[in-house]
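Q: I'm new to this one, so please pick a single part and walk me through it closely. After that, show me how the rest fits around it.

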Amino acid sequence: MEYLKLCDSDYRFMLIVWENAPVSSGELVKLCRERLGWKKSTTYTVIKKLSEKGYIENIDATVRVRIPKDQVQAQETDYFVERTFDGSLPLFLNAFLGGKTISRQEAEQIRRLIDEHEEG
């Protein structure tokens, strides 16, 4: 799938959808009013826009996810690392840690992830 970047408000909307889907569009209007302060018309506009982009579908007033959260997060992360760190994971990790210390357990989890994703 071609990557379509979500703006911040669309991402916050998708967090609500991912948490609640499948969800009636009426319930989604209520949730967006409570959590985002949106009017009904704003919610329906975003439902239409993200349906057209393929992130969700709205059939018989029920909104369902078409692109899972982990896939969007992976795309967002790839985009960020590419744009900000010229695609360099070591530069990203160095900036992310930025003088912080991590626990032995966190370090071990990171080592396992690296081992799982290492080429060859």
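A: Let's take the sheet, and begin with what pairing means: two strands count as paired if DSSP finds at least two bridges between them. Strands (E, at least two residues) and helices (H or I, at least four residues) are themselves DSSP runs, numbered from the N terminus. Keep in mind that this is a predicted model, where local features need pLDDT of at least 70 and side-chain atom pairs count only at pLDDT 80 or more, while totals for chains, interfaces and linings use all residues. Residues are numbered from 1 along each chain as its sequence is written, and side-chain values use heavy atoms, with hydrogens and water left out.

Now the sheet itself. It's an open one with 3 strands in the order β1-β3-β2, and the pairing is antiparallel. β1 (23-24) and β2 sit at the edges, each pairing on one side only.

On one side of β3, 4 bridges tie it to β2, with the two strands running antiparallel. You can follow that pairing residue by residue: Ile56 stands opposite Val65 of β3, and Glu57 has Arg64, also in β3, as its bridge partner. β2 and β3 also make a hairpin, with 2 residues between them. In that turn, Asp60 has a positive phi of about 50 degrees. Ala61, in the loop between β2 and β3, has a positive phi too, about 65 degrees, although it isn't a glycine. How open is Ala61? Its relative accessible area is 42%, so it counts as partly exposed (buried means under 20%, exposed over 50%, and partly exposed in between, using a 1.4 Å probe and protein chains only).

β1 also pairs with β3, through 2 bridges, and again the strands run antiparallel. Here Ser24 faces Thr62 of β3. Just before β1 there's something to look for: a cis peptide bond joins Ala21 and Pro22, with omega about -5 degrees. Pro22 belongs to the loop between α1 and β1.

Follow that loop back and you reach helix α1. Its 13 residues, 8-20, should span 18 Å at 1.5 Å a residue, and the end C-alpha atoms are 19 Å apart, which agrees (the expected span is 1.5 Å times one less than the number of residues). Within α1, Asp10, Phe13, Met14, Ile16, Val17 and Trp18 are buried. These buried residues bring us back to the sheet, since they pack against β2 (56-59) and β3 (62-65), along with α2 (25-36), α3 (40-52) and α4 (69-85).

Phe13 turns up again in the surroundings of Thr43, a residue of helix α3. Leaving out residues up to four places away in sequence, Thr43 touches Phe13, Leu28, Val29, Cys32 and Trp38, where contact means heavy atoms within 4.5 Å. Thr43 is buried, at a relative accessible area of 0%.

Cys32, one of those neighbours, is also buried, at 0% relative accessibility. Why isn't Cys32 bonded to another cysteine? The closest cysteine sulfur, in Cys7, is 13 Å away, too far for a bond. A disulfide here is a pair of cysteine sulfur atoms within 2.5 Å, and the structure holds 0 of them. Cys7, for its part, is partly exposed at 35%.

Past the sheet and α4, the chain goes into a loop between α4 and α5, where you'll find Asp86. Asp86 has a positive phi of about 55 degrees although it isn't a glycine, and at 67% relative accessibility it counts as exposed.

Last stop: the largest pocket, with about 660 Å³ of space. On a 1 Å grid over the protein atoms alone, a pocket is an open set of points where a 1.4 Å probe fits, with protein on both sides within 12 Å along at least five of seven lines, and lining residues have an atom within 4 Å of a point. The points are joined across faces, edges and corners, and the volume is the space filled by probe spheres set on them. The lining has 17 residues, with Leu89, Phe92, Leu93, Ile110 and Leu113 nearest the centre. α4, α5 (89-97) and α6 (104-117) each supply at least two of the lining residues, and α5 gives the largest share, with 6.
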